[in-house]
Amino acid sequence: MENLLSILQYRELINCVKDVYAIDLSNYALTSLRKNIQNVIENSRYRKPEKFIEMLKTDKSLLNLIIQNLYSESVVMFRDPAMWRILKQNILPSIHQKEEIKIWMPEVCIEEFYTLCIVLKDANLLHNSIISVSSQSLETLDAIRKLSHNIKEIDQVQANYIRYQSQIPLSDYLEITDKKSNIKKELIHKLYLSHGDIFSHKPSFKPNFVLFRNRLLSYNHSLEQKALNKIYESMAGGGYFIVGIKENIEMFLIQDKFRVIDKEESIYKRLF
Amino acid sequence: MDSLKYIVIGGSAGSFRVIVKLIGSLPENFPLPIILCLHRLKHVRSGFIEALEIKSHLKIIEPHDKMHIKPGQIYLAPANYHMMIELGNHFSLSTYENVNHSRPSIDITFETAATVFRNKMVGILLSGANKDGALGMKAIKMAGGYTIVQNPAECQAKTMPEAALKVAKIDQILGANQIIEYILKLA
């Protein structure tokens, strides 16, 4: 408890990041980001907030740690299996009936990306799709490029996959050794990687499907609205948009720009 | 006691029947918000609230992210999300890693509630088989809040309240019926 990052120290750290690196984190959800940064400090070589903040001014590797932890990366593959099942059975085929599936995953979560690749393959639509992912973390992009991310909690993944109800065994999609679990290389088809946040980056195509689950949780109200507006403006009319099941886009003014497709799984359609 | 405005309750194995009895005892016009963080199965989204509400006059809400905390409402941490209290009196949800093998974690709800509610809250820790919530009770105490644990002697699993008693100077140790009486008197 002695090394807890106080709110004053948190604000000092945020100001430091803005002043030294010109990155504004002040509109991220305070409690969530403070907790993530607390965790970063505890696992760093400095351990105490005062020392960490002092060294942050000159040590860019500490900034990279913060950026890597802006969003929770603790999501297990096939989280909310019902949503992925609806995606495979209804949403993706619906898009494919008219055109190529063009997917954007801003602030990408690696395990959600892996899940998406498997679902596309499972739906026989992998070769009818392109995916653009972006992240502020170079480490995340590198892990995707090299497929070096080790899949977490494989037992939980197996349990989720059973609830997803595929005919194909999960082992057909994964390479599992004693030391590592990863998706097979052939599950990566047309993939574009970009470095940057959702506000500075846009895919080179107009996506007809945006997957942005449990990312709005990391924003305050103001940044959330900005992100939703950005997504709306970037999307093709009639495109699908999925957020986390406990994220609510209805509170905001743009609700008249989307239609609810599945309230329980937070699936929306962008109106024309 | 008049200054207490928020009731935050954590529990795990053995706490279900206490919560059902508590909620069943509350009058329709109970004025304070009650925030529940109960360990639950990650993949089960429906049925739990219905089971808790079975004798209740009041509805239980699983909050969305950023939902405001209102008087007289009962809130339950959603499955597979941590539920935090944010400055500005609203909920903030997270998919952060398990804490004490749990998501939702009682420690996370209690610690963030302590930061925001400070001496206006009572934290109550019920029966449970791990130590989640113990450090959260310490945080509540340090922030000036009031703390109660369920009497370990009557708990189905006493690890949780005993862990809290080891790390914090808990204000009261009460049986389930006494906890319910205490809460009713807060109105």
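This report covers the interface between chain A and chain B and the cavities of a predicted model.

## The interface: extent

Chain B meets chain A through 29 residues of its own. On the other side, 32 residues of chain A are in contact. The area buried between the two chains is about 2,600 Å². Carbon and sulfur atoms give 52% of that area.

Three residues stand out on the chain B side. Arg45(B), Lys66(B) and Tyr96(B) supply 26% of the area that chain B buries against chain A. No other three residues supply more.

## The interface: polar links

Four salt bridges are found across the interface of chain B and chain A. One of them pairs Glu62(B) with Lys246(A). The closest N and O atoms of Glu62(B) and Lys246(A) are 3.5 Å apart. Polar contacts also cross between the chains: 14 residue pairs make them, with both residues at pLDDT 80 or more.

Which elements of chain B give two or more residues to the side that touches chain A? Two are strands: strand 5 (82-86) and strand 6. Two are helices: helix 3 (106-117) and helix 4 (134-142). By class, this side of chain B has 12 nonpolar, eight polar and nine charged residues.

## The largest cavity

The structure holds four cavities of 30 Å³ or more. The largest contains about 80 Å³ of space. Its lining comes from chain A. Ile67(A), Gln68(A), Tyr71(A) and Glu73(A) take part, as do Glu107(A) and Val108(A). Ser135(A), Gln136(A), Ser137(A) and Thr140(A) also line the space, along with Arg215(A).

This lining is mixed in class. Five of its residues are polar, three are nonpolar and three are charged.

## The second largest cavity

The second largest cavity has a volume of about 60 Å³. Residues of both chains line this cavity. Chain A provides Ser32(A), Asn36(A), Ser72(A), Asn214(A), Leu217(A) and Ser218(A). Chain B provides Leu93(B), Ser94(B) and Thr95(B). Two elements give two or more residues each to the lining: helix 2 (30-43) of chain A and strand 6 (90-94) of chain B.

How many residues of this lining are charged? There are none. Seven are polar and two are nonpolar. Strand 6 of chain B thus appears twice in this report: it helps line the second largest cavity, and it gives residues to the side of chain B that touches chain A.

Key: Residues numbered from 1 in each chain as written. Chains lettered and ligands numbered in written order. Predicted model: local features only at pLDDT ≥ 70, side-chain atom pairs only at ≥ 80, totals over all residues. Heavy atoms only, no water. 1 Å grid on protein atoms, 1.4 Å probe; cavity = no way out; pocket = protein on both sides within 12 Å on 5 of 7 lines; lining within 4 Å. Points joined across faces, edges and corners; volume = space filled by probe spheres on them. Nonpolar A, V, L, I, M, F, W, Y, C, P; charged D, E, K, R; others polar. Helix = DSSP H or I, 4+ residues; strand = E, 2+ residues; numbered from the N terminus. Contact = heavy atoms within 4.5 Å. Buried area = accessible area lost by both parts, 1.4 Å probe. Salt bridge = Lys/Arg side-chain N within 4 Å of Asp/Glu carboxyl O. Polar contact = N/O pair within 3.5 Å; in protein donor to acceptor, adjacent residues only side chain to side chain.
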